[in-house]
Number of protein chains: 2
Amino acid sequence: MTINQDTFTGEFSYTIDIKGRVNIPAKFRQSLAPENDQTFVITRGMDPCIWVYPLTAWQIIEDDLKDLSAISGINRSFIRNTVRYASSVTFDKQGRIMLSSNLLNYAKLKKNAFIIGMVNKIEIWDPSELAKVDKQNLTMDSSEYDALAEKIIL
Amino acid sequence: MTINQDTFTGEFSYTIDIKGRVNIPAKFRQSLAPENDQTFVITRGMDPCIWVYPLTAWQIIEDDLKDLSAISGINRSFIRNTVRYASSVTFDKQGRIMLSSNLLNYAKLKKNAFIIGMVNKIEIWDPSELAKVDKQNLTMDSSEYDALAEKIIL
DNA sequence: ATTGTTTACCCACAATTACCCACAATATAT
DNA sequence: ATATATTGTGGGTAATTGTGGGTAAACAAT
């Protein structure tokens, strides 16, 4: 019945309403471990999308950041940019979370959104952005992609 | 009485009902190891068919994906495309699983389906697609095929 | 305080899914 | 062969899920 806790797979299509709310797939809500207390941490992804972490997973990232020395300027910049756009969100009784307009703009999200399980995190994409980025990666680095496919035995 | 756990062989013909449910052959259900908790993971195959993994087999793939660094865009694309169409399904009291319309379309499945044991996974095919792909491979790469036949002593 | 705006918390409802039960066809046992 | 269990297929019903919107509390600015 339950997969690994805090493990997410699959693609789902949802609509973002006027208030900026999106549904979190029921499956993802159920596989979110109880100690996360129904909260995710959302932030900017490395791609033009929103990254959604289970709270406990994000806390590990924060702990790692604490270990970085503040003497180095580059460390401070790294910490700043990692945490800057992150905020924790709880989902409401209907299973939705609120997205800030800052994140919505960053991911170019409008009305429709794909929510994709990325094993240990979740991504929220605008459909056309997803297609664009995916196509780009596959055409530019197709040999690297094939190398991965050889390595991971499906 | 039992072959190796999580090992599947043979071909079976079933019908997909209006709700998108297909039967999993009783033989396959019985050879699914108990620790899978009656769940499979279904996803797009490399051929136009549906791939069905025992849960524990799929989790090994997920673990491999977790080890890939998220810094590389091509890695993210690979993870995304591998996991994107995957979802875990439990079979009901009658031994059926539900197939999403996304996967049904991808595999061009209509009313009839062949379910084929592929040793460590299971494939679900539309009969005519299977014939087409098989014929194509055998005519185009017949010498490679023969080389394999030499290697695997039957 | 008085506004206006944003956020949190409800309720409503259509659509989908999960969970049952029925039954014919096949297989197994006595 | 006859009885009994198992398997494959269909369908009904209740619960869940996704989506919209309403209202009141919290907050900000004047």
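## A salt bridge between the chains

A salt bridge is a side-chain nitrogen of Lys or Arg within 4 Å of a carboxyl oxygen of Asp or Glu. In this predicted model, D47(A) and R80(B) meet that description, with their side chains 2.9 Å apart from N to O. Chain A and chain B share six salt bridges in total.

## Where chain A meets chain B

Let's widen the view to the whole interface. Chain A brings 33 residues to the contact and chain B brings 34. Together the two chains bury about 2900 Å², and carbon and sulfur atoms make up 60% of that area.

Polar contacts link 13 residue pairs across this interface, counting pairs with both residues at pLDDT 80 or more. On the chain A side, at least two residues each come from β1, β7 (112–119), β8 (122–125), α5 (127–140) and α6 (142–151). That side of chain A is made of 18 nonpolar, six polar and nine charged residues.

## Around DNA strand D

Now for the nucleic acid. There are 27 residues around DNA strand D, and those that come nearest are Y14(A), K19(A), R29(A), Y14(B) and K19(B). Of the strand's atoms within 4 Å of the protein, 54% belong to sugar and phosphate. The surface near the strand holds twelve charged, eight polar and seven nonpolar residues. In both chain A and chain B, β1 (8–15), β2 (21–23) and α1 (26–31) each give at least two residues to this surface.

## Arginines at the strand

Three arginines are worth a look up close. The side chain of R29(A) places an N or O atom 2.5 Å from a phosphate oxygen of DNA strand D. Bases are involved too: a polar side-chain atom of R21(A) sits 3.0 Å from a base oxygen, while a side-chain N or O atom of R96(B) is 3.0 Å from a base nitrogen.

Methods. Residues numbered from 1 in each chain as written. Chains lettered and ligands numbered in written order. Predicted model: local features only at pLDDT ≥ 70, side-chain atom pairs only at ≥ 80, totals over all residues. Heavy atoms only, no water. Near = heavy atom within 4 Å. Polar contact = N/O pair within 3.5 Å; in protein donor to acceptor, adjacent residues only side chain to side chain. Helix = DSSP H or I, 4+ residues; strand = E, 2+ residues; numbered from the N terminus. Nonpolar A, V, L, I, M, F, W, Y, C, P; charged D, E, K, R; others polar. Contact = heavy atoms within 4.5 Å. Buried area = accessible area lost by both parts, 1.4 Å probe.
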